[in-house]
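Reader: I'd like to go through the labels for this model and see how each one is earned. Could you set the values against the cut-offs for me?

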Amino acid sequence: MDATDDPVVLVVEDEPDVAETYKLWLDLDYEVRLADSGADALEQLDEDVGVVLLDRMMPGMSGDEVLAEIRDRGYDCPVAIVSAVDPDFDIIEMGFDDYITKPPTADELRKTIDDLLERSERAEKVREYRSLLAKRAMLEEQKTEKELAQSEAYTDLQERIDDLKADLDGEQDRLLDDATFVGALREFEEDGE
């Protein structure tokens, strides 16, 4: 996250008017970076980027190639393809998180970004939850019940696990709509790799 604490959205769009329109729509809620090519996008991509909005059809490096390079470099930030190309079977193997058909509305872009940021936050919670479970299992394997019962750190660990579990359980029903489920499933699959 940048110094402003606003989520950073990288808009990759070769049409300047379209890119500026997206920026106008998004500037109040996010820090928006504009990239006019795939190469420019890869230069601007860093750990601060929370979401990438990626045009699929660009001269030079296509959106598909940029997406593959983003994943090859190990960035797991959510990517939404924003394209005039209607999706076909070739999208099955692509590593994007959402697909918006042009022309999008301002509300559609903002809702997509918010959904993707929420999925990322949930994935972080799942990673933390699994990490805490592993720590608890190691402690329970190495320490006696008496040592565990007397440990304030172990009690704090158990409370954090319980809090995270309750938080994740509370979000579960909301995640089961189709679009959100697909993104969450992809994140869980990536976590399991």
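Reader: Why is glutamate 140 called partly exposed?

Author: The labels go by relative accessible area with a 1.4 Å probe and protein chains only: buried is under 20%, exposed is over 50%, and partly exposed is in between. Glutamate 140 comes out at 38%, so it counts as partly exposed. This is a predicted model, where local features need pLDDT of at least 70 and side-chain atom pairs count only at pLDDT 80 or more, while totals for chains, interfaces and linings use all residues. Residues are numbered from 1 along each chain as its sequence is written, and side-chain values use heavy atoms, leaving out hydrogens and water.

Reader: What makes glutamate 140 and arginine 136 a salt bridge?

Author: You need a side-chain nitrogen of Lys or Arg within 4 Å of a carboxyl oxygen of Asp or Glu. Here the N to O distance is 4.0 Å, so the pair makes the cut. The two residues sit four apart in helix H4, about one turn of the helix. Arginine 136 has a relative accessible area of 22%, so arginine 136 is partly exposed too. Elsewhere, salt bridges that share partners tie Glu13, Asp55 and Lys102 into one network.

Reader: How do you know that glutamate 121 and lysine 125 form a salt bridge?

Author: Their N to O distance is 3.7 Å, so that fits the cut-off. They are four residues apart in helix H4, so about one helical turn separates them. Their exposure labels don't match, though: glutamate 121, at 47%, is partly exposed, whereas lysine 125, at 14%, is buried.

Reader: And what about aspartate 27 and lysine 23, how close are their N and O atoms?

Author: The closest N and O atoms are 3.5 Å apart, so that pair is a salt bridge as well. Both partners are partly exposed, with aspartate 27 at 37% and lysine 23 at 23%. A search of the whole structure finds 18 salt bridges.

Reader: How many aromatic pairs are there, and what makes a pair tilted?

Author: The search turns up two aromatic pairs. One of them is tyrosine 22 with tryptophan 25, with ring centres 6.0 Å apart and planes at 35 degrees, so this pair is tilted. The rule is that rings of Phe, Tyr and Trp (its six-membered ring) pair if their centres lie within 6.5 Å; planes under 30 degrees apart count as stacked, over 60 as edge-to-face and the rest as tilted. Both residues lie in helix H1 (residues 16-26), three apart, about one turn. Tyrosine 22 is buried at 4%, while tryptophan 25 is partly exposed at 28%.

Reader: What counts as a helix or a strand here, and how many does the protein have?

Author: Helices (H or I, at least four residues) and strands (E, at least two) are DSSP runs, numbered from the N terminus. The protein has seven helices and five strands. Their order from the N terminus is β-α-β-α-β-α-β-β-α-α-α-α.

Reader: What makes the bond from lysine 102 to proline 103 stand out?

Author: That peptide bond is cis, with omega near -5 degrees. In general, most peptide bonds are trans. Proline 103 sits in the loop between strand S5 (98-101) and helix H4 (106-142). Valine 82 is 21 residues away from proline 103 in sequence, with 8.4 Å between their C-alpha atoms. Valine 82 belongs to strand S4 (residues 79-83), and at 2% it counts as buried.

Reader: Why are glycine 38 and glycine 50 called buried?

Author: Glycine 38 has a value of 1% and glycine 50 has 18%, so each falls under the 20% limit. Glycine 38 is in helix H2 (residues 38-44), and glycine 50 is in strand S3 (residues 49-55). The C-alpha atoms of glycine 50 and valine 79 are 9.0 Å apart, although 29 residues separate them along the chain. Across the 193 residues of the protein, buried ones make up 38%.
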